[in-house]
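Good morning, and thank you for the time. I should like to take you through one structure, beginning at the surface, passing to the core, and ending with the charged pairs.

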Amino acid sequence: MRAVFPAGLARRVGFLLLTLPLGIVYFAVLIGGLASAVGGAFIVGIPLFVGLMFLWRALARFERRLVRAGLGVDIPNPYRTPLSETRLGRLRDRLVDPATWKDLAYLLLMFPLGLVSFVVTVGLFATAITFLTMVGWGWYAIPGGYDLGILNVDTVWEALLVTPLCIPAWLLFVLAVRGLVSIHAAVARTLLSASPDPEMTARVAALQDSRARIIAAADAERRRLERDLHDGAQQRLVALSMQLGLAKRRLAKGEEVGDLVATADQEARAAIEELRDLARGLHPAVLTDRGLAPALRDVANRSAVPVELGQLPEERLPGPVEAAAYFTVSEALTNVAKYAQATSVHVEVTPRDGALAITVADDGIGGAEAGGGSGLRGLADRLGALGGELEVESPPGVGTTLRAWIPIGAVPEPAAAEPEEFAAETVSFGRRALQTHAVVYALVMALLVFIWLTTGAGYFWPQWSIVGWGLLLALHGWFAEGRHRGMLATETTQPDR
């Protein structure tokens with residue numbers, strides 16, 4: 001019975017039947033309003049368009065409630081919160097919101113979609129009811145009977161013969177209702193919900209992958225530290241403890257302990273050296289106390305391959321930048337010592353054009369790949385977190401050149417990171433909205449000019465639409481680009497020449 005009379009069938013049929021009258025109202029009001037706003041004068045057209053925009057946003061909110069009640073599809077509020085403090089700015093924020101224009105597209109699509117839904121639903125339902133009630137018809141009142149194409153029903157016995165066809169007709173009606181409801185739900189989810197930003201989606205995916213690799217690298221580093229402490233410093237401390245215990249027993253017997261004390265001293269020094277190396281690998285004290293240049297000189301002095309240092313930054317840089325540059329050079333020198341079979345390495349770290357340029361070049365066998373090992377991949381993740389880039393050139397037999405760029409001024413403080421990133425996203429979104437606005441303007445104005453040419457009207461009536469909407473487009477362009485580029489500023493600072 002659930003297949004013949006599914007739950008909520010009456011509610012869904014009511015929703016499908018309601019789409020046609022609502023679609024007719026939406027289409028007539030919106031098309032008429034848009035035509036009046038576009039074809040009217042500038043003073044009348046702009047306020048009319050703004051009022052129409054608020055109207056279709058209100059109608060879209062009504063449609064979301066209707067979809068929730070009729071189809072059980074809950075669509076959250078897709079609108080972006082206006083950020084501007086002025087009324088004109090808040091109006092601009094609503095105009096450039098993609099949800100506003102998706103609302104308009106959904107409301108205009110309701111008419112053809114509602115027409116199809118109404119015709120299919122009513123037609124199949126009427127067919128099923130016709131077959132079911134055909135026996136009770138007064139055949140004397142239907143001249144010529146009822147023509148089914150392959151059979152002309154004009155007697156009660158023929159009506160009894162075709163009555164069972166009401167079952168497949170009803171099942172087809174239920175299946176059609178289910179399909180139409182699925183189409184309406186998909187269209188509502190697509191046009192009445194918030195649209196994801198492709199750039200932000202790609203960035204989030206990249207950040208998720210990077211975070212997963214950083215977490216895995218951190219776990220691997222923690223296990224390495226545990227292993228190094230267990231196999232290195234801990235074993236030396238255990239040996240030191242045994243040597244001191246043995247020396248203590250010898251002293252109690254009055255025996256010589258000089259050799260034991262010397263051995264214990266060696267073990268203590270070795271343990272201290274290993275702990276110092278481990279601490280230096282975590283975050284060197286010289287980097288915190290003295291800066292990047294002394295830390296890089298210390299790394300070069302400890303390198304197994306001779307290092308030639310070029311230009312180094314003597315001024316202090318932001319902490320994250322110095323740490324990323326230090327570990328980039330350290331990891332590169334470690335890879336050179338392990339794999340490159342090089343005889344010399346050239347290292348240069350130079351602030352250039354608002355970024356820190358890092359170059360590590362060796363004369364080894366080459367053949368390295370940026371994604372070939374976890375070390376270089378971890379460096380790419382560390383640099384990417386700061387907006388930096390990593391590039392590796394390693395032709396076989398020529399040597400390897402590692403280049404990295406780290407933005408200096410773009411490194412935000414933790415508390416200010418989110419507003420700056422959000423501001424950059426707002427600028428990018430405003431530019432895309434401006435491009436869409438310009439394309440729509442060009443198409444509509446071309447259509448109006450074409451209508452004017454084909455009608456042969458002497459008065460060039462599209463001029464007010466071209467001028468009015470053009471001024472609105474110019475205002476949109478200033479909001480999207482001018483404010484961020486200093487256009488129309490009261491004071492302009494000339495650069496030094």
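Let me begin at the surface, where V25, V29 and L55 form a nonpolar patch of about 220 Å². Patches here are made of residues with over 30% relative accessible area and no salt bridge, with like charges joined within 9 Å and nonpolar side chains (Val, Leu, Ile, Met, Phe, Trp, Tyr) within 5 Å. Accessible areas come from the Shrake-Rupley method with a 1.4 Å probe, and for residues only the protein chains shown count as cover.

Before going further, please note that this is a predicted model, in which local features need pLDDT of at least 70 and side-chain atom pairs count only at pLDDT 80 or more, while totals for chains, interfaces and linings use all residues. Residues are numbered from 1 along each chain as its sequence is written, and side-chain values use heavy atoms, with hydrogens and water left out.

Within the patch, V29 belongs to helix α1, residues 9–39; helices (H or I, at least four residues) are DSSP runs numbered from the N terminus. V29 is partly exposed, at a relative accessible area of 37%. The term partly exposed covers what lies between buried, under 20%, and exposed, over 50% (1.4 Å probe, protein chains only).

I turn now to the interior. The largest nonpolar core has 49 residues, and W56, V67, Y106 and F173 have the most contacts inside it. Such a core is a set of buried Ala, Val, Leu, Ile, Met, Phe, Trp, Tyr and Cys residues joined through side-chain atoms within 4.5 Å. At least two residues each come from α1, α2 (42–71), α3 (87–95), α4 (98–133), α5 (156–162) and α6 (166–191). Which helix gives the most to this core? It is α6, with 12 residues.

Take V67 in particular: leaving aside neighbours within four places in sequence, V67 is in contact (heavy atoms within 4.5 Å) with F15, G72, V73, I75, Y106 and A188. Apart from this core lies another, of 36 residues, including V329, L376, L383 and I406.

Is T100, in helix α4, buried or exposed? T100 is buried, with a relative accessible area of 0%. Beyond its neighbours within four places in sequence, T100 contacts M53, W56, R57, Y79 and R94.

A324 is in helix α11, residues 319–340, and is likewise buried, at 1% relative accessibility. Although A324 and I406 are 82 residues apart in sequence, their C-alpha atoms are 8.2 Å apart in space. With neighbours within four places set aside, the contacts of A324 are R382, L383, L386 and I406.

Finally, the charged pairs. A salt bridge is a side-chain nitrogen of Lys or Arg within 4 Å of a carboxyl oxygen of Asp or Glu, and by this rule there are 6. One of them joins the side chains of D103 and R64, at 2.8 Å from N to O. This pair links distant parts of the chain, with D103 in helix α4 and R64 in helix α2, 39 residues apart. D103 is buried at 0% relative accessible area, and R64 is buried at 4%.

The side chains of R92 and D93 also meet in a salt bridge, at 2.7 Å from N to O. Here R92 counts as buried at 14%, and D93 is buried at 15%.

In the salt bridge between E322 and R316, the N to O distance is 3.0 Å. E322 counts as buried, at 3% relative accessibility, whereas R316 counts as partly exposed, at 44%.
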